[in-house]
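Today I am opening my notebook on a new structure. I will look things up one at a time and jot down what I find.

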Amino acid sequence: MTAHHAVLDTFCKGVWINNKSADAADGRTFDIENPANGEPLCRVADAGETEAMQALDAAVAAQAAWAATSPRLRSDILRRGFDLLTARTEELAQLITLEMGKSVAESRGEVAYSADFLRWFSEEAVRIRGDYTANPTGPGRIALIRQPVGPCLLITPWNVPLAMAARKVGPALAAGCTTVLKPAEQTPLTALLFAEIMQEAGLPAGVLNVVPTSRPEVVATPLLADPRLRKVSFTGSTEVGRLLIRASADNVLRTSMELGGNAPFIVCADADVDAAVAGAMVAKMRNVGEACIAANRFYVHEAVVDEFSEKLVARLERLSVGDGSTPGTDVGPLIDGEQRDKVVALVADAVDHGAEVVLGGAPPEGAGYYYPPTVLRGVSPNCRMNSEEIFGPVAPLTTFTDDEEALRLANDTEYGLVSYVFTSDYGRALWFAERLEAGMVGLNRGFISNAAAPFGGIKQSGLGREGGDVGIDEYLEVKYVAMGPE
Ligand code: NAD
């Protein structure tokens, strides 16, 4: 018999349209699985084209009235969203852990991070600026106003299901856009509870609609083809991002793309090794390593590699691996069997290329998709994990001898999301920060997430930024008004 989880009884499992839950028209549902043991948690309505269009109809119908609300009203709703998410931290954290796997302690952190986006954008909603300047060549004035883009499709991944939703819904709502949120098929439950909480916060019908589905393409394709949709904001793999950019071409949609990463983590000879290990624990182990900003390649100066490796192993050895819902667990399961198989294959490939396993390296027997914290040394730059996201708790160490070599290795990737550098030399820190090809750089720190900072990548890690003072611009059009008289 499968376990009963009380938190699953607190919200509806239908498609969420116009602030109401409904079954799919054809009655289809799909199972959500607990990665801790592979058991089904519950069934959820499986949206298809009909529900996708109903959701867009609702968003389109609500758009004009929502855009016309006062910034203060939108701000107050978002602020109440922050208060409610914070007050319901335990419930949301349990739910995130049940469907995604990470420990409840980590899920609490995700709830706080998510709430912070609602608070930040409640503060930004009332600061949408215009401009009014003299015409340099003579009479007339140049006025600028910023207006909402219009109905948006928001597509989110499974690894941080609440935070990725809040990071898109927050700025969209603040700007005056209505939304259709399509959560990942592995983790739609958090998105459904989030939508109910936003209704409680005062969100009018049609402004936030949620279409859970096991068939993302079936839902996304008709939406992207409908000229009433004006924007798609996506977080997920670069591969799917490319498909969505292509599909956005016909209607020339605005796009925001938060795509894959392949973060280098550089430890220089002059680094404070204890600080670098502490940073690595966050940059590598947060979210069981299933993060786009996870350290994917460690480049450690040959003078400190023994000390770094020993201290990292000592910290990782102390972590307990298990069901994320069990108090005291540090490392929960990976999301599913496919992801665990990928990690197994990447480690096998690194070993084939000469890497030495100094910790972990093999998944345990039994139910659930566990993989232990793993450290590899002597990892060849030619192996797969140097060019692919690991998305698991595996730290591959490669040595370097000078800064130019470390920089070249770090930048040798099509990705450019984040890079980490540890050094006690201020000049060296700036030298790296200016030359690393990444949208974000962590200097002597492994934790960079911050609602007040612009998150995003360059190269094939994406387009646009989420959070910070530029985050709301992704949902605003700039209109220029040429003012007479001539
Ligand atoms: P994914 O690309 O497989 O899925 C992401 C979302 O896209 C899901 O909602 C999925 O249902 C949807 N999707 C899949 N195929 C689609 C299609 N044909 N049309 C429309 N939607 C489709 O990625 P994932 O495995 O869920 O997430 C992991 C990836 O997300 C990693 O590459 C990670 O780096 C990336 N990620 C990036 C950021 C960032 O901010 N840059 C943050 C978190 C995760």
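**Entry 1: a small sheet**

I began with a pair of residues: aspartate 131 stands opposite leucine 144 in E6. A note to myself before going on: this is a predicted model. Next I asked how many bridges join E5 to strand E6. I found four, and the two strands run antiparallel. Strand E6 covers residues 141–148.

Then I looked at the sheet these strands belong to. It is an open sheet of three strands, in the order E5-E6-E20, with antiparallel pairing. Which strands stand at the edges? They are strand E5 (131–134) and strand E20 (476–483). Each has a single partner strand, so one side of each is left without a neighbour in the sheet. I also noted the twist, which averages 20 degrees from one strand to the next.

**Entry 2: a sheet of seven strands**

I moved on to another open sheet, this one with seven strands. I copied down the order as E14-E15-E16-E13-E12-E17-E18, and the pairing is mixed. Strand E14 (356–359) and strand E18 (440–443) are the edge strands here. Each of them has a single partner strand, so one side of each has no neighbour in the sheet. The twist averages 25 degrees from one strand to the next.

I wanted to see the mixed pairing for myself, so I walked through some of the pairs, beginning at E14.

- E14 is joined to strand E15 (residues 374–377) by three bridges, and the two run antiparallel. Here glutamate 356 stands opposite arginine 377 in E15.
- E15 is joined to strand E16 (residues 394–400) by four bridges, and this pair runs parallel. Valine 375 stands opposite alanine 395 in E16.
- Strand E17 (residues 418–422) is joined to E18 by four bridges, again running parallel. Valine 418 has methionine 440 in E18 as its bridge partner.

**Entry 3: helix H2**

Time for a helix. I looked up H2, which spans residues 71–87 and has 17 residues. From its first C-alpha to its last it reaches 24 Å, close to the 24 Å expected at 1.5 Å a residue.

Which residues of H2 are buried? I listed Arg74, Ser75, Ile77, Leu78, Gly81, Phe82, Leu84 and Leu85. Then I checked what these buried residues pack against. My list has five helices: H1 (49–67), H3 (89–100), H4 (104–125), H5 (161–175) and H6 (188–200).

**Entry 4: helix H5**

H5 was on that list, and I gave it a page of its own. It has 15 residues and reaches 22 Å from its first C-alpha to its last, close to the 21 Å expected at 1.5 Å a residue. How many of its residues are buried? I counted 15 of the 15, so H5 is largely enclosed by the rest of the structure. After H5 comes glycine 176, whose phi is positive, near 100 degrees.

I picked alanine 165 from H5 for a closer look. Its relative accessible area is 1%, so it counts as buried. Leaving aside neighbours within four places in sequence, alanine 165 is in contact with Thr156, Leu181 and Phe194. I also compared its place with that of valine 357: the two are 192 residues apart in sequence and 37 Å apart in space, C-alpha to C-alpha.

**Entry 5: the nonpolar cores**

A reminder from class: in soluble globular proteins, nonpolar side chains tend to be buried together. I looked up the largest nonpolar core here, and it holds 118 residues. Phe194, Phe265, Ile293 and Phe308 touch the most other members. H5 gives the most to this core, with 10 residues. There is also a second, separate core of 25 residues, which includes Ala52, Met53, Ala220 and Leu259.

I followed up on phenylalanine 194. Without its neighbours within four places in sequence, its contacts are Leu85, Leu118, Leu162, Ala165, Ala166, Val169 and Leu208.

**Entry 6: cysteines**

My last search was for disulfides, and over the whole structure I found zero. Cysteine 42 is in no disulfide, and the nearest cysteine sulfur, that of cysteine 12, is 12 Å away. Is cysteine 42 buried or exposed? It is buried, with a relative accessible area of 14%. I checked cysteine 383 as well, and at 2% relative accessibility it counts as buried.

Note on methods
Residues are numbered from 1 along each chain as its sequence is written. This is a predicted model: local features need pLDDT of at least 70, side-chain atom pairs count only at pLDDT 80 or more; totals for chains, interfaces and linings use all residues. Side-chain values use heavy atoms; hydrogens and water are left out. The expected span of a helix is 1.5 Å times one less than its number of residues. Buried means under 20% relative accessible area, exposed over 50%, partly exposed in between (1.4 Å probe, protein chains only). Contact means heavy atoms within 4.5 Å. A nonpolar core is a set of buried Ala, Val, Leu, Ile, Met, Phe, Trp, Tyr and Cys residues joined through side-chain atoms within 4.5 Å. Two strands pair if DSSP finds at least two bridges between them. Axes are lines fitted to C-alpha atoms, for helices over the stretch in contact, and angles run from 0 to 180 degrees between N-to-C directions. A disulfide is a pair of cysteine sulfur atoms within 2.5 Å.
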